[in-house]
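Subject: Structure for you to look at

Dear colleague,

I am handing over the structure below, and I would be glad if you could open it beside this message. After it you will find some notes on the backbone, written so that you can follow each one on the model.

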Amino acid sequence: MTVLETLEPKAVFKHFESIARIPHESGNEKAISDFLMDFARAHHLEATQEPSHNVIIKKPATPGYENAPSVILQGHMDMVCVKEEGVDFDFLTDPLALRIEEDMIWATGTSLGADNGIAVAMVLALLESTDLPHPELTALFTVSEETGMDGVLNLNPNNLAGQILINLDTEEEGSFITSCAGGVNHMVYLPLSHEAAKSNRAAFKINLQGLKGGHSGIEINKNRANALHLMGRVLADLDRDFDLDISAFSGGEKMNAIPKFASATVLVPETEKEALQDRLHALLGLLKNEFAVADPDLEMEIQPAEIGTKIWNRQTSQDLIALLRLIPVGVQSMSASIEGLVESSTNLGVAKIDGNELVLENAVRSSVKSRKAEINQRIQMVCEKTAARSELVSDYPEWEFQVESPIRELFVSTYEELHGTTPKIEAIHAGLECGFLKEKLGDIDMISMGPNMYDVHTPNEHLSISSTKRVYEFLCEVLKRVQ
């Protein structure tokens, strides 16, 4: 007996559970790509697997719909893989441990991958249906959306065509997205210079933890703490009043997730170790007060650490503190034309050691190209004032609002008829693949939708069962009405 087999729609949740058994972290999508190709062969559908492992599956129109506008249904097959601290789980091999709690599906100890596995599951259900009237359908499943949209960037537009594109990568039922931010991954590389550790020192490992984290696009406006940025504040404060050395620093898991934890190993003279611990406890109280509402579970763990033989030299330590303090973090500007919409933001998501460099990964987003450029220039300027260098990776375009959109009008009229309420037509600060698709496919009518899901990109990610059912039924009804 499978976990989800009693849920409706059966076909959707059957496929979602199958997907959950297949490891599919960004960059590790071959297995799920092969699964999709096997599905196409089993259902005698034309399919293409691109070198990137994107998969395109085509289904002919049902009788009476031969002359209807053709529709592309699009989602991405990769997921953000994060787990709770201390959980023994290997995303390269282990199936997700699904569970149901009332109206929600969760994965125990890890992210769920409903972003965007539920889109893949809904499209597979549509492709295997035998009783749904619909126009010609093309299913586009892309790879590596979560780490820079490499799949859609490498998509061969000659492999698909359509007049309408429905993206299924949003997270609020009844909210239809018609434009989105563009973005870029801004990588910062700080060379690490070492020197011999001094004598008569005490070493401590400082862990900032217990933060909520969250999606760096959708939840960037919730004023949640960024653990890496906060650790920069802590180190800067200690450096002002103590004879401080630093020997290690790391934190975060994914560039597009607000970092929930950060760790630094510091050394001070034996005579200052008690004062250091007192200062850290005072700083914790200050930070907990600042984030009492947005991040009430913020904690600081202070542990004795091995002194080791090497520390970072003074210049490296100073550069690290400057980068952590001066690289912009969080909301940078709000839209003047759409109330409540974040226009521009940046997220310092990951700090890790790679060889003899500390790598800081930043996700920069904006719905205005010049604003995105301005944020990147600020980060570059900080690098120029230190020994760091910067690089822009996986730049993706914004998706601009289209004044006339027949598919948007159909979505609205269908939703009003089915639910008796008017849906929201919105822009989204998160990046969607629609910007690239618009560039590659040209004059195509586009819209994005999805069911209710919560806390995506975190181990608390969960998906509404009833919302999934309603959204799938709505999508079926829209396809029936495309004429």
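Asparagine 223 counts as exposed, because its relative accessibility is 58% and the cut-off for that word is over 50%. Please keep in mind throughout that this is a predicted model. You can find asparagine 223 in the loop that runs between β10 (201-209) and α5 (227-241), and its phi is near 60°, which is a positive value in a residue other than glycine.

Histidine 457 also deserves a look, since it is not a glycine and yet has a positive phi of about 70°. This histidine lies in the loop between β21 (453-454) and β22 (462-464). Is histidine 457 buried or exposed? At 3% relative accessibility histidine 457 counts as buried, because buried means under 20%.

The remaining notes concern peptide bonds. The bond that leads from glutamate 8 to proline 9 is cis, and its omega is near 0°; proline 9 itself sits in the segment before α1 (10-20). A cis peptide bond is also found from aspartate 115 to asparagine 116, here with omega near 15°, and asparagine 116 belongs to helix α3, which covers residues 114-128.

As background for why these places were picked out, most residues other than glycine have a negative phi, and most peptide bonds are trans.

With best wishes

Key:
Residues numbered from 1 in each chain as written. Predicted model: local features only at pLDDT ≥ 70, side-chain atom pairs only at ≥ 80, totals over all residues. Heavy atoms only, no water. Helix = DSSP H or I, 4+ residues; strand = E, 2+ residues; numbered from the N terminus. Buried < 20%, exposed > 50% of the residue type's maximum accessible area, 1.4 Å probe, protein only.
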